[in-house]
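User: Hi! Could you walk me through this model, starting with a local spot and moving out to the whole chain?

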Amino acid sequence: MPILLPSRRVKESKPKFSGDPDDYRLTLVEHIEELRDRIIRSLTAICIGWAVGWIEFEPIYHYLQHIVDKAIREGLAKGHTYTEAFWSAPEAFLLQLQLSFMIGVILAFPYIVMQIWGFVAPALKPNERKPFQKLAPASALLFFMGVGFAWFVTPSALKWFVSYLENFPDVALIQHAGTMVFFILKLLLAFGFAFQLPLIVYGMGLAGILSAETLLKYWRHSSITIFAVAALVTPSNDPATMLAMAIPLVILFIISVYAVKFVQRKKPKQEEARYPFE
């Protein structure tokens with residue numbers, strides 16, 4: 001007498017996935033396996049970007065260093081000299097390792113966002129999934145907007161730093177090689193990640209965790225929080241760079257709040273149309 005395995009019977013009797021998460025729920029182990037796979041893919045993308053950054057390190061580094069040298073020399077007062085140096089032999093290798101890794105993270109970020117979306121999407125219902133589908137490309141767009149904005153303000157920030165050397169006449173500026181290039185890449189990453197804040201607010205509003213009325217009621221508290229986050233995230237902690245990050249974030253935050261308000265007004269009408277006799 002043939003014996004049917006339980007796993008095969010369950011597999012044969014399992015209904016096809018219709019797109020509704022209530023029709024199919026993964027076990028905890030399957031969730032962990034899915035998360036593991038997406039983390040591995042994200043790390044693989046970072047490693048590939050890291051390799052690209054290592055191979056193309058020389059032209060990228062020299063281009064960024066040229067921007068640094070130009071900004072510093074233009075802001076440097078008369079009587080001051082500027083040079084960069086290594087203090088030990090291993091520093092050149094470690095600098096290239098660290099900078100190429102940061103380049104890899106920047107290159108892999110859009111793919112990482114896609115992996116995050118791919119992990120979250122199955123937990124949403126079809127009517128919830130449609131607005132959330134716009135978050136992944138919007139996240140990449142906001143990231144590169146932040147990177148572009150940081151790129152725009154970087155020369156001014158460097159000149160602002162150097163201007164304080166006027167208070168120390170006849171003092172030479174000697175710093176570690178690559179320090180300011182590393183600073184630029186950290187600034188690009190900081191702005192890119194910080195520009196995700198409005199998208200997080202929008203996503204929480206779509207999920208029903210936050211309402212537009214609550215966000216508008218506590219807009220002052222939110223603005224103070226944004227300025228505090230900007231002060232923590234900016235690697236230089238100077239007021240000029242902090243304001244350059246905080247002001248666009250406040251504007252984007254207000255736009256995202258009104259976008260949530262529009263969606264939450266539209267949602268009850270959709271539910272009413274879907275269940276007209278309830």
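User: Which residues does Gln115 touch, leaving out those up to four places away in sequence?

Analyst: Happy to help! This is a predicted model, in which local features need pLDDT of at least 70, side-chain atom pairs count only at pLDDT 80 or more, and totals for chains, interfaces and linings use all residues. Residues are numbered from 1 along each chain as its sequence is written, and side-chain values use heavy atoms, with hydrogens and water left out. With contact meaning heavy atoms within 4.5 Å, the partners of Gln115 are Arg38, Arg41 and Ser42.

User: Is Gln115 buried or exposed?

Analyst: Gln115 belongs to helix H4, residues 91-120; helices (H or I, at least four residues) and strands (E, at least two) are DSSP runs, numbered from the N terminus. Buried means under 20% relative accessible area, exposed over 50%, and partly exposed in between (1.4 Å probe, protein chains only). Because its relative accessibility is 8%, Gln115 counts as buried.

User: Which residues give the largest nonpolar core its most contacts, and which helix gives the most to this core?

Analyst: A nonpolar core is a set of buried Ala, Val, Leu, Ile, Met, Phe, Trp, Tyr and Cys residues joined through side-chain atoms within 4.5 Å. The largest one has 61 residues, and those with the most contacts inside it are Tyr61, Val68, Ile72, Leu99, Leu185, Phe191 and Met245. With 11 residues, the helix that gives the most to this core is H7 (residues 179-194).

User: What does Leu185 touch, not counting residues up to four places away in sequence?

Analyst: Leu185 is one of the residues with the most contacts inside the largest core. Its partners are Leu64, Leu99, Met102, Ile103 and Ile106.

User: How many degrees lie between the planes of Phe143 and Phe144?

Analyst: Rings of Phe, Tyr and Trp (its six-membered ring) pair if their centres lie within 6.5 Å; planes under 30 degrees apart count as stacked, over 60 as edge-to-face and the rest as tilted. The structure holds 11 such aromatic pairs. Phe143 and Phe144 form an edge-to-face pair, 5.4 Å centre to centre, and the angle between their planes is 80 degrees.

User: Which of those two is buried, Phe143 or Phe144?

Analyst: Phe144 has a relative accessible area of 43%, so Phe144 is partly exposed. At a relative accessible area of 0%, the buried residue is Phe143.

User: How many helices and strands does the protein chain have?

Analyst: From the N terminus on, the elements run α-α-α-β-α-α-α-β-α-α-α-α-α. That gives 11 helices and 2 strands.
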